[in-house]
Amino acid sequence: MNLVSPEAAGIHTTAPEAATPAPVPPGQGSEHGHQGLPGAPSPAPTASPHPDLAEILVTEEALRAKITELAAAIDADYAGQEVLLVGVLKGAVMVMADLARALTISTTLEFMAVSSYGSSTSSSGVVRILKDLDRSIEGRHVLVVEDIIDSGLTLSWLMRNLGSRHPASVEVVALLRKPEALRVDLDVRYVGFDIPSAFVVGYGLDFAERYRTLPYVGTLTPEVIAAG
Ligand code: IMP
């Protein structure tokens, strides 16, 4: 696995700067690569603005730049087509909101909720639909929007489930992936960052429903995980 530099993940030796939304013209900044960045932002000790976090793996700045890059690649690939974005609740809510607004192609939004692993930090592999799509996806170009791929079991199951509903196509955009944790062969068209196999929170990702609203992605301290 190639590793991306901490700089590519927006990691600096000081706390991340305050966010300044930077409008970027559509179509800019993408190399139309389908495998995301060539590797993982390796953890580097950074000053965490939150006491429960050990370190920040992907800063707010890096997340924003990556969403812009992913949106440009998707815009180019689906030019002239309408895409149904299927967000997987609740973790994908932030990436869904930001990605959907960064896209210039015609899109509609749907959400599904499937069971993952509650307050534990490892995959159960048991998948259950908690909330299904509101309408048929037959003949539609479906793009599943995922927060993170860990073992890949959830997504693998979801792809089979959605594929059986006769869509025109089903692809995946995942903000984060843990390549070392993958237990199934998955064809993920768009990947934001490959990260190490640590449990992470922020930007939609939770630990026992907490930390979803942090604007960056980071690891928890061992004390917080032990207490959870
Ligand atoms: P998988 O089936 O092991 O790939 O796990 C998929 C789901 O587990 C994700 O959509 C998340 O909801 C959750 N998950 C996996 N890794 C993490 C993590 O590091 N932090 C928070 N949630 C995670």
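**Sheet architecture and helix packing in the predicted model**

Six strands assemble into an open sheet in the order S6-S5-S4-S7-S8-S9, and the pairing within this sheet is mixed. Its edges are formed by strand S6 (129-131) and strand S9 (190-194), each of which pairs on one side only. From one strand to the next, the twist averages 30 degrees. These features, like those that follow, are taken from a predicted model.

Within the six-stranded sheet, strand S4 (residues 82-89) is paired with strand S5 (residues 106-114) in the parallel sense, and eight bridges connect the two. One residue pair illustrates this register: Val88 has Met112 in S5 as its bridge partner. Helix H2 (residues 93-102) packs on the sheet, where it touches S4, S5, S7 and S8. The direction of helix H2 makes about 160 degrees with that of S4. Helix H1 (residues 60-77) also lies across strands, namely strand S7 (141-149), strand S8 (169-177) and S9. Relative to S9, helix H1 runs at about 160 degrees.

A further open sheet is built from three strands in the order S3-S11-S10, with antiparallel pairing. Here the edge strands are strand S3 (53-58) and strand S10 (200-201), each pairing on one side only. S10 and strand S11 (residues 217-220) run antiparallel and are joined by two bridges. Val201 has Gly218 in S11 as its bridge partner. In general, strands of a sheet pair through backbone hydrogen bonds, in either a parallel or an antiparallel arrangement.

Attention then turns to a loop residue. His166 is located in the loop between helix H3 (153-163) and S8. His166 is classed as exposed because it has 11 C-beta neighbours inside 10 Å, and the exposed class covers residues with 12 or fewer. The C-alpha atoms of His166 and Ile137 lie 7.1 Å apart in space, although the two residues are separated by 29 residues in sequence.

At the level of the whole chain, four helices and 11 strands are present. The chain comprises 228 residues, of which 37% are buried. When contacts between residues at least 6 apart in sequence are considered, 72% of them join residues at least 24 apart.

Key:
Residues are numbered from 1 along each chain as its sequence is written. This is a predicted model: local features need pLDDT of at least 70, side-chain atom pairs count only at pLDDT 80 or more; totals for chains, interfaces and linings use all residues. Two strands pair if DSSP finds at least two bridges between them. Axes are lines fitted to C-alpha atoms, for helices over the stretch in contact, and angles run from 0 to 180 degrees between N-to-C directions. Two residues are in contact if their C-beta atoms, placed from the backbone, lie within 7 Å. A residue is buried if 20 or more other C-beta atoms lie within 10 Å of its own, exposed if 12 or fewer, and partly exposed in between; C-beta atoms are placed from the backbone.
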